Amino acid sequence: MNPRKRQPVRGEPRLKRGFLGVFAYSHRALQLVWTTSRTLTIAFAILTLVAGTLPAAVAYVGSLIVDAVVAAIQADPVDRAALTQHALFLVACEGLLVAAIAGAQRGIGLCQSLLRAQLGQRVNVMILEKALTLELEHFENSDFYDKLTRARREASSRPLSLVMRTFGLVQNAISLISFATLLINFSPWAVAVLILAGLPAFLAEAKFSGDKFRLFLWRSPETRMQLYLETVLAREDHAKEVKLFGLGPLFLERYRAIFRKLYGEDRDLTIRRDTWGFFLGLIATATLYAAYAWIALSAIAARITLGQMTMYLMLFRQGQSAVSAILSAVGGMYEDNLYLSTLYEYLETPVDSTRGTIVRGPQPQDGVRFEQVSFRYPGAEQLSLVDIDLHIKPGESLALVGENGSGKTTLIKLLTRLYQPTSGRILLDGKDLREWDEAALRQRIGVIFQDFTRYQLLLGENIGAGDVQHFEDEPRWREAGEKGMAQPIVDTLPDGYRTPLGKWFNDGRELSGGQWQKIALSRAFMRSRADILVLDEPTAAMDAAAEATVFEHFRTLTRGKIAILISHRFSTVRMADQIVVIQEGRIVERGSHEELMRVNGHYAHLFSLQAKGYR
Ligand code: ADP
C-alpha cells in the first residue's frame, strides 16, 4: 500500500521538514553521546579526522609514484638507480598511509561498538526513568503506548547512528575538500560536476526516508499487536489457555498476517527506493566516465603527466564516492532525526507538575471524605463515578458492594490518586488529596488490587514489595506473612521465604491463585505505617474458611485504622461498619448490614440471593 494514502494517526509527531530538519536533533544526539563517554567520543573524532585526510595523501603519493616510474624509465642508466630507489620509497610511504587508514577505520569501528553498547543502555534507562514519572492514565492510553513502543524499538540505536553519520559526514567532507584542492588544478569545472552529479540520488533518498518514517509511525499499532501476540503465544502464564482453547494456530496466523501486510508495504517502498536509486545512480556513473574521457584526452594532449592522470582519475572516483557518502549521510541523518523526534517526544511527555507538598492534614480525626466526586476516564464517553459523597472516619470499616463495572475499583484509584476526580474533591485529614505530597499520601495507604502483581522474585520479596524500605527485611516478611496467612505456605517450601516464585527463572515455584492472594495480603500488611488499608476482592480465590479467617485478622489488625473492602461475599461484607452499594457509578444505598436489610432494597435482594445459594 502506498504510505501516502494511509490516514495519519493521532499523536503523530510534527515532522520537521526541509534541510534544517536534518539537524534538528543532531546537537542533542551529540550531547547524549558526549555525556555517555567523553574518551570514546574524542577518540572517535580524532580517528575520523585522520581517516578523512589520509585518502587524499594516498592519491597524491600515488601520482608521485607514477611520475617517478615514468622518469626512471626515461632516465639514463646512471640516474636510474637513484630514481628507482625513490620510487620504491614512495611505494613504501603509500603502503604506510594505507595501513594507517585501515588502523583508523578499525579504531572508528571499535569506538562505535563500545559507544553503541553504552548508549543503548543509557537511552533505555532514560526511557524507563521517564516511565516512572508517568501517570497511570498514560499507560492506559493506546496512543501513548504506541509512542512508548516506538521510542523503545528504534530510538536506542538512533542517537549513535546520528552521531556516526555526522562524523562520517565530516570525514567525507574533509576528504572531499582535500580532493577538490588537488582536482581544482585540473579544472574547477571538474569539481562542480563532481558535486552536482550526486544530487538527484540524494533528493530521492531524502524523500524515501520520509516515507519510511511515516510507515513506521502508522504501523505502531500493528507492531504492538505483533509484540502482544508473541507474548501470548510464548509465555507461560498464557500457555494454559492458549493450549486448551487451541488458540495457537489462530493467533499465529494473525501474527503472520500482520507480517505479510507490513512486508508488502516494506517491499513496495524498498523496490521504489532502489529503482529510483539505480537510475539516478546511473547519472553519477555516466559523469564519472565522461570525466575519465576528458582526463585521458588531456593526458594524450600532454597537458598533464601520466602520474597526474592516475591521480585525477583516483580523485574523481573517490571524490564521487565521498559525495555520495556525504549525501547519503545527510539522508540518513534526516531519517535518524525523524526517529529521534519520537524519542524526545516521548521523553518530553508533560507530567502533572502541580504536585502537593503537605505531609500532614489539619484534622487527623476526620479521615477520608469524598465530596460530590465525579469521574470520567480520559477518552471515555460516560462518567464512571457520579456525585459520590462518602465519609470514613479513622477506625471505621467500609465495604463497597456492586456489580462488575459499577465503579468500585475506580473509586479506589481516585482515593490512591492514581487518577484525579473530574469534579468534586477528596479530602484526607481535612486536606484535598491534590495538596498532599504524593509520597506521604501513598505511605498512608496500603492497597491490594484484584489484579495485584505476581513478581517473579523471591517469595519474601513478593511480601517485602509492600514497603520498599523493608524490601529485603526478612523478620518483617515473617511478621507480615503471619498476618496475611502466608506462613503455612512458606512452611511447605524447602527454601521458605527465599523460594523464588513464578516460572520465569530457574527453580521458581508456581503457587495457586488462593496462595498468591495470601502473599498479596501479606504484602498489604507490610505497610505497617499505613492507616488506610484497602482490599479490592483480595479473597475471591480463597476458600470460604480462609476468607473468614482473613477478615477476622483484618479487623483486629486494622483496629484504629480505616479499612475499605470490596467483596462479593456478603458473609464478609456484613461485618463492615458502613456498607455502600454502587450501581452504574452512583451510590444507591448505604448503611450497616442491619439497616440495609431493614430497608429491603438492592442490598437485601443480593444478600438473600447469595444466602439462598448457601442454603
Ligand atoms: P468495578 O471495580 O466495580 O468492577 P471499575 O471501577 O473497574 O468497576 O469500572 C467502572 C467503569 O469504568 C466500567 O464501566 C469500566 O468499563 C470503566 N473503566 C474501568 N477502567 C477503565 C479505564 N482504564 N479506562 C476507561 N474506562 C475504564
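**Exercise 1. Polar contacts of the ligand**

Task: In this predicted model, find how far a nitrogen atom of the ligand is from an N or O atom in the side chain of Glu 140. Then treat Ser 384 and Thr 410 in the same way.

Solution:
- Step 1. Start with Glu 140. An N or O atom of its side chain is 2.6 Å from a ligand nitrogen.
- Step 2. Go to Ser 384. One of its polar side-chain atoms lies 3.0 Å from a ligand oxygen.
- Step 3. Go to Thr 410. Here a polar side-chain atom is 2.5 Å from an oxygen atom of the ligand.
- Step 4. Turn to area. On its own, the ligand has 560 Å² of accessible area, and the protein covers 64% of that.

**Exercise 2. The shell around the ligand**

Task: Which residues surround the ligand, and how do they divide by class?

Solution:
- Step 1. List the shell. Glu 140, Tyr 377 and Ser 384 belong to it, and so do Glu 403, Asn 404, Gly 405, Ser 406, Gly 407, Lys 408, Thr 409, Thr 410 and Lys 413.
- Step 2. Sort by class. The shell has 7 polar, 4 charged and 1 nonpolar residues.

**Exercise 3. Helices H9 and H10**

Task: At what angle do H9 and H10 pack, and which residues make the contact?

Solution:
- Step 1. Locate the helices. H9 covers residues 199-218, and H10 covers residues 220-234.
- Step 2. Read the geometry. The angle is about 55 degrees, and the axes are 5 Å apart.
- Step 3. Name the arrangement. Because of this angle, H9 is oblique to H10.
- Step 4. Find the contact. H9 supplies Phe 216, Leu 217 and Trp 218; H10 supplies Ser 220, Pro 221 and Glu 222.
- Step 5. Count classes. This contact has 4 nonpolar, 1 polar and 1 charged residues.

**Exercise 4. Helices H10 and H11**

Task: What are the angle and the axis separation for H10 and H11?

Solution:
- Step 1. Locate H11. It spans residues 236-244.
- Step 2. Read the geometry. H10 and H11 pack at about 80 degrees, with axes 6 Å apart.
- Step 3. Apply the cut-off. Angles of 65 to 115 degrees count as roughly perpendicular, so H10 and H11 are roughly perpendicular.
- Step 4. Find the contact. From H10 come Thr 231, Val 232, Leu 233 and Ala 234; from H11 come Glu 236, His 238 and Val 242.
- Step 5. Count classes. There are 4 nonpolar, 2 polar and 1 charged residues in the contact of H10 with H11.

Notes:
Residues numbered from 1 in each chain as written. Predicted model: local features only at pLDDT ≥ 70, side-chain atom pairs only at ≥ 80, totals over all residues. Heavy atoms only, no water. Axes fitted to C-alpha atoms, helices over the stretch in contact; angles between N-to-C directions. Helix = DSSP H or I, 4+ residues; strand = E, 2+ residues; numbered from the N terminus. Parallel < 35°, antiparallel > 145°, perpendicular 65-115°, else oblique. Contact = heavy atoms within 4.5 Å. Nonpolar A, V, L, I, M, F, W, Y, C, P; charged D, E, K, R; others polar. Near = heavy atom within 4 Å. Polar contact = N/O pair within 3.5 Å; in protein donor to acceptor, adjacent residues only side chain to side chain. Areas by Shrake-Rupley, 256 points an atom, 1.4 Å probe, with all protein chains shown as cover.
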